[in-house]
Amino acid sequence: MDLRFRGAEPSEEERAAVDALLGPPASAWDGGSRTEADLRFAARAEAARDQLLPALHAVNDRVGWISEGALEYICRRLTIPPAEAYGVATFYALFSMKERPKRVLHVCTDLACQAKGAESVRRRVEDHFGPAGTSWHESPCLGMCERAPAALALEAGTPPVAQVYAPATPDTITTMAEAPPSSNGSTPSVKVTGETPERAAVPQAGQDGLLLLRRIGTVDPASLDDYRAAGGYTALRRAFDLGPAGVIREVLESGLVGRGGAAFPTGRKWDATARQPDHPHYLVCNADESEPGTFKDRVIMEGDPYALVEAMTIAAYATGCAKGYLYIRGEYPRAVARLQHAIATARARGLLGDDILGKGLSFDIELRRGAGAYICGEETAIFNSIEGQRGEPRSKPPFPVEKGLFGKPTVVNNVETLVNVLPILERGAQAYAAAEPKLFCVSGAVERPGVYELTFGATLRELLDLSGTTGTTRAVLLGGAAGAFVTDLDIPLTFEGTRAAGATLGSGVVLVIDDGVDLKSLLLRIAEFFRDESCGQCVPCRVGTVRQEEALHRLSRRVDDDDLVLLREVGQTMRDASICGLGQTAWNAVESAIDRLGVFR
Amino acid sequence: MIPLQPPRRLIDVEIDGETVRVPEGSTILDACAAAGKDIPTLCYGDTLTPKNACRVCVVEVEGARTLAPACSRKAEKGMKVGTDTERARQSRKVVLELLGSSVDMSTTPRAAEWVEEYDADPARFGDDAATVEQPAKVDNELYVRDYSKCIMCYKCVDACGDQWQNTFAIGVAGRGFDTTISTEFDAPLTDSACVYCGNCVEVCPTGALSFKTEFDMRAEGTWDESKQTETTTICSYCGVGCNLTLHVQDNKIVKVTSPHDNPVTKGNLCVKGRFGYGYV
Ligand SMILES: Cc1cc2nc3c(=O)[nH]c(=O)nc-3n(C[C@H](O)[C@H](O)[C@H](O)COP(=O)(O)O)c2cc1C
Ligand code: SF4
Ligand code: SF4
Ligand code: FES
Ligand code: FES
C-alpha cells in the first residue's frame with residue numbers, strides 16, 4: 001500500500017507510548033530514523049490493522065489526546081492510510097483529536113443517574129468547571145447505576161488513573177478537579193481509585209442457593225487458589241470428560257439463550273460454529289455492556305473474573321477456537337484490571353495457553369478495550385472494532401457463525417451467557433433447566449439497588465419486594481433504553497412473559513420510576529442517547545434519531561398531534577428499515593411511554 | 001480477459017405476485033429489474049459492492065421481521081417479495097423525507113420525482129430541523145466537494161479505497177449525524193493523498209462531488225443539461241485505451257465521464273483522461 005503523509009512528527013512521549021505497545025520500529029520505512037541502509041532497499045511495515053485501536057489507546061492513555069503527529073506515526077507503524085485511521089479515531093467518544101487537559105471528568109446524565117439527581121450534580125460541575133466539552137463531558141450510562149449518580153475521572157499518564165465517584169455528591173465535586181491519584185488495588189495498566197467493595201453491588205451476596213453470584217463478595221477475585229477452592233475449574237474438567245460434542249449437547253439441552261439482549265439459543269450458535277469447515281474459529285466475549293441501566297457483566301467481571309476465563313475456555317473447547325477476544329467497554333477500568341490479572345495468572349498456571357490441564361487444548365484470551373461507543377456491542381460492529389475498522393455493524397447475512405471476526409466463523413456471546421455454562425456443566429443440563437438463573441440490574445427508585453439473581457418465573461413484583469421501592473412506583477423500564485415501560489408488576493420475568501406484555505427482558509434492566517421523576521426529560525435523555533450513539537451508517541437511524549429528539553423537545557413544550565404522528569412514522573421506519581438493532585429499537589421506549597403512560601396526553 | 005465461471009443455476013422468485021427466474025446469487029434488485037419494477041436506489045452503485053446505507057430501496061420479504069434492502073439482499077428460491085406494499089412505501093417515503101430535510105438534494109437525479117411519487121414532505125420537520133448545511137470545499141482547480149449535498153452513501157470512499165483506486169485519500173469520520181467524508185484532520189485535498197482521478201466524482205449520486213466547471217457554471221446559472229451533447233471516444237494519453245464520454249455545452253467540454261459497462265475500466269479513469277481535456 002502506497003501511503004502519503006503530511007509530515008507531522010510525533011512528540012517523544014507519543015512515540016514512546018506507541019513503541020511501548022508495538023516495540024521499536026524496524027526501519028525508516030515504518031517510522032524509525034533513516035539510515036544509510038534504508039536508502040538501498042525498499043521494505044514496508046507488516047500491515048497490522050487490528051492493532052489500531054490499542055495504539056490509539058496507548059497514546060490517549062499516556063498523553064490524553066491524539067495529535068496529527070501521533071496518528072501519522074501509528075499509521076506508519078501499522079501501514080494504515082491516515083484518512084482511514086482518522087475516521088476510526090473520530091468514531092470513539094473517549095478519544096480527542098484536539099489538545100485537552102490530562103484529566104477529564106465523565107459525568108453520567110443517563111437514566112438511572114437522572115432518577116437519582118444527576119441533574120444537580122451536572123449543574124454543580126458546570127458551575128465549577130465551566131461549559132462541558134473539554135475538561136468534562138456528559139456521559140451515557142457508566143454502568144455504575146447501583147451507585148447513582150456516578151462520575152468517572154480519567155487521567156492520562158504512566159500509568160493512567162481512573163477515579164470513580166459513585167455516588168457523586170455535590171460535595172465531592174470540588175475535589176474532582178485535582179484529586180490526588182492515590183491508589184488502591186494497583187494493577188498492570190491502570191490505577192483505579194474511589195471504588196467500593198464489589199459486594200456492595202450485590203445485595204444478595206453470601207446468600208445460599210446463588211449460582212451466578214455465589215462467589216461475588218465472598219471469594220477474593222484476585223486469587224486463583226480461592227477460586228478453585230470455591231468450585232472453580234470443576235466445569236472445565238467435566239467438559240474434558242464430555243468432549244466438545246458432549247458440551248454442546250449439554251448446552252443445547254439446558255435451553256440456555258443469550259443474555260446480551262437477542263435471546264438466541266446458545267447451543268445452536270455453538271453447534272453451527274463447531275460445524276464450520278473454515279478455520280480458524282474465533283470466540284468473542286461481548287463485554288461492551290453499555291445499554292443504559294445495565295451493570296451485571298461488570299459485577300461478574302470485577303467480582304468473579306476467573307469464572308469468565310473458565311467459561312470462555314469451555315466455549316472455545318466446544319467450538320474449536322484457539323483464540324478468544326474479550327472486548328470490554330472502555331469505561332470499566334476495574335474490570336479491565338481484574339481480568340488482566342486473572343488472564344495472566346491463568347496463563348502462568350497452565351489454565352490458558354498450550355496444553356491446558358494437560359488435555360491438549362490450546363486456547364488464549366486477548367483483552368481488547370472499547371473506547372466509548374455503545375454500538376460496538378452489536379455483534380458485528382464488535383468485529384469491525386477489533387479489526388481496527390470503524391465500529392459499524394455489518395449487514396447480515398452472512399451471520400457471524402459463518403463469517404465473523406477476520407471473516408472467519410465466530411461465536412459471540414455475552415458475559416452472563418458464558419458464565420451460565422459453568423452451572424450447566426457442574427449440575428447437568430436438566431438440574432440447571434429446572435431452576436435456571438437470571439440476573440437483573442435493579443436501579444432507580446429502590447431501597448437496595450444492585451444485581452439480583454432469581455430463577456426464571458419470578459414476577460417483577462417479587463423482584464421489587466427484594467429490592468424494596470421508594471416513593472410511589474409509577475412505571476418500570478424493562479430492558480433499558482432499547483426496552484419498554486411497563487406498569488403491570490405481575491409480569492413474569494421470562495423472555496416469553498415480557499414479550500407477551502409487549503416488553504423485553506433485554507439485558508436485564510429493571511429501572512424503577514417513581515412519581516418524582518420527570519418522564520419527559522427521561523424520554524428526552526433516551527432520544528439523546530440514541531442520537532449520540534447511532535453509528536451514522538444508515539439514513540433511518542442517522543437522521544431518524546435526530547428527528548425523534550427534535551419532536552420530543554417540541555412535544556415537551558407543547559403537545560401537538562402532528563408531532564405524535566410524525567414520531568410514529570419516523571419510529572416505524574427506524575424499526576423497519578434500519579440496518580441494526582440500535583435503529584430498530586430506538587423508538588421502543590418512547591412508544592411505550594406514549595401508549596402506556598400517556599406522557600403527551 | 002473474462003474469467004470462466006461455473007454455469008449458475010436459475011431460481012424462481014416471486015415479485016409482487018409475479019414469478020421471475022434469475023441466476024442464483026442475484027440480488028432482489030436484479031430480480032425486480034427482471035420483473036420490470038423500478039425501485040429507487042441512491043447508495044447502490046453498479047460498479048461497487050453494496051453498502052446498503054440509504055435504505056431507499058427497501059422491500060417487504062414475506063416472513064421477515066424487518067424490510068430488506070433490495071440492492072444487496074440476495075434473492076432466494078421461493079422468496080416472496082412485495083415492492084409496493086404499504087409498509088415498504090411508507091418506509092421509502094419517510095427515508096426520502098429524512099434525507100430531503102437534512103441534505104440539499106437539488107442536484108440528485110430523480111430525487112424530486114421520487115418525492116412526488118411517494119408523496120413525501122421533507123418540510124414536515126419544521127424550519128428548525130437540523131441539516132448538514134456547510135460551505136462547499138473549493139480547494140483545487142479540478143473538482144469541488146459540496147458536502148451539504150452529501151447523503152453519506154460511502155461510494156466515493158469505496159471508489160477511492162480498496163474497491164478501485166487504492167489511494168485512500170478520503171474516509172468516513174465522526175459518528176452519527178455528524179459523520180462526514182473527510183481527509184485526515186480535514187486537511188485540504190491538495191495536502192492529501194488525492195491523485196485527482198475523479199473516480200469519486202464518477203460514482204457520486206447526488207452532485208456533492210462535481211467538476212469545478214460544473215460547479216462554477218451552476219453558480220453562474222449557465223449549466224444547462226438540455227444543451228449538452230455526449231460523445232464517447234478513446235483517451236489518447238496512453239495505451240490502455242479507456243473510454244471517455246465528453247459532455248459538451250456551447251462547444252466546450254464541461255465534464256468527462258466514462259461508461260460503467262466497460263469490462264476493464266468500469267468507469268474509472270486517471271487524472272489525464274478525466275481532467276486533461278484542456279488540449280482539445
Ligand atoms: C446496539 C446494540 C448494542 C449491543 N450491545 C451489547 C452489549 O454491550 N453486550 C452484549 O452482550 N450484547 C450486546 N448486544 C447484543 C449483541 O448483538 C449479541 O446479540 C450478543 O452479544 C450475543 O450474545 P448472546 O447470544 O450471548 O446474548 C447489542 C446489540 C445491539 C443491537
Ligand atoms: S441502525 Fe443506526 S447504529 Fe445501526 S447501522 Fe444504522 S445508523 Fe448504524
Ligand atoms: S460525496 Fe457523494 S459519493 Fe461521497 S458519500 Fe457523499 S453523496 Fe456519496
Ligand atoms: S451509571 Fe448513570 S445511568 Fe448507569
Ligand atoms: S440503494 Fe439499497 S440501501 Fe441504498
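How many nonpolar, polar and charged residues make up the shell around ligand 2? Let's keep that one in mind while we get our bearings. One thing to know before you start clicking: this is a predicted model.

**Stop 1: chain A as a whole**

Select chain A and show it as a cartoon. You should find 23 helices and 15 strands there. The radius of gyration of chain A is 24 Å, close to the 25 Å that the globule rule gives for 601 residues, so chain A is as compact as a globular protein of that length. If you draw a box along the principal axes, the C-alpha atoms fill roughly 75 × 60 × 50 Å. Of the 601 residues in chain A, 56% are buried. Now think about contacts in chain A between residues at least 6 apart in sequence: 72% of them join residues at least 24 apart.

**Stop 2: the domains of chain A**

Next, give each domain its own colour. The assignment runs as follows:

- domain 1 covers 12–89 and domain 2 covers 103–196
- domain 3 covers 224–432
- domain 4 covers 436–514 and domain 5 covers 519–597

Keep domains 3 and 5 of chain A on screen. Their C-alpha centres lie 33 Å apart. Where the two meet, domain 3 of chain A puts in eight residues and domain 5 of chain A puts in eight residues. On the domain 3 side of that contact, you'll see four nonpolar, two polar and two charged residues.

**Stop 3: ligand 2**

Zoom in on ligand 2 in chain A's neighbourhood by selecting Cys535(A), Cys538(A), Cys541(A), Cys580(A) and Gly583(A), which come nearest of the 14 residues around this ligand. Helix 20 (539–557) and helix 22 (581–585) of chain A each supply at least two residues of the shell. Back to the opening question: the shell around ligand 2 has eight nonpolar, five polar and one charged residues.

**Stop 4: where chain B meets chain A**

Bring chain B into view. The contact takes 40 residues from chain B and 37 residues from chain A. On the chain B side, helix 2 (86–102) and strand 7 (171–173) are the elements that give two or more residues. Helix 2 of chain B gives the most, with eight residues. Colour this side by class and you get 21 nonpolar, 13 polar and six charged residues.

**Stop 5: ligand 3**

Finally, select ligand 3. Of the 14 residues around it, those that come nearest are Cys150(B), Cys153(B), Cys156(B), Cys204(B) and Ala208(B). What is the shell around ligand 3 like by class? It has twelve nonpolar, one polar and one charged residues.

Definitions and conventions
Residues are numbered from 1 along each chain as its sequence is written. Chains are lettered from A and ligands numbered from 1 in the order in which they are written. This is a predicted model: local features need pLDDT of at least 70, side-chain atom pairs count only at pLDDT 80 or more; totals for chains, interfaces and linings use all residues. A residue is near a molecule or strand if its C-beta atom, placed from the backbone, lies within 6 Å of it. Ala, Val, Leu, Ile, Met, Phe, Trp, Tyr, Cys and Pro count as nonpolar, Asp, Glu, Lys and Arg as charged, and the others, Gly among them, as polar. Domain bounds come from an automatic or database domain assignment. Two residues are in contact if their C-beta atoms, placed from the backbone, lie within 7 Å. Helices (H or I, at least four residues) and strands (E, at least two) are DSSP runs, numbered from the N terminus. The radius of gyration is taken over C-alpha atoms; the globule rule is 2.2 Å times the number of residues to the power 0.38. A residue is buried if 20 or more other C-beta atoms lie within 10 Å of its own, exposed if 12 or fewer, and partly exposed in between; C-beta atoms are placed from the backbone.
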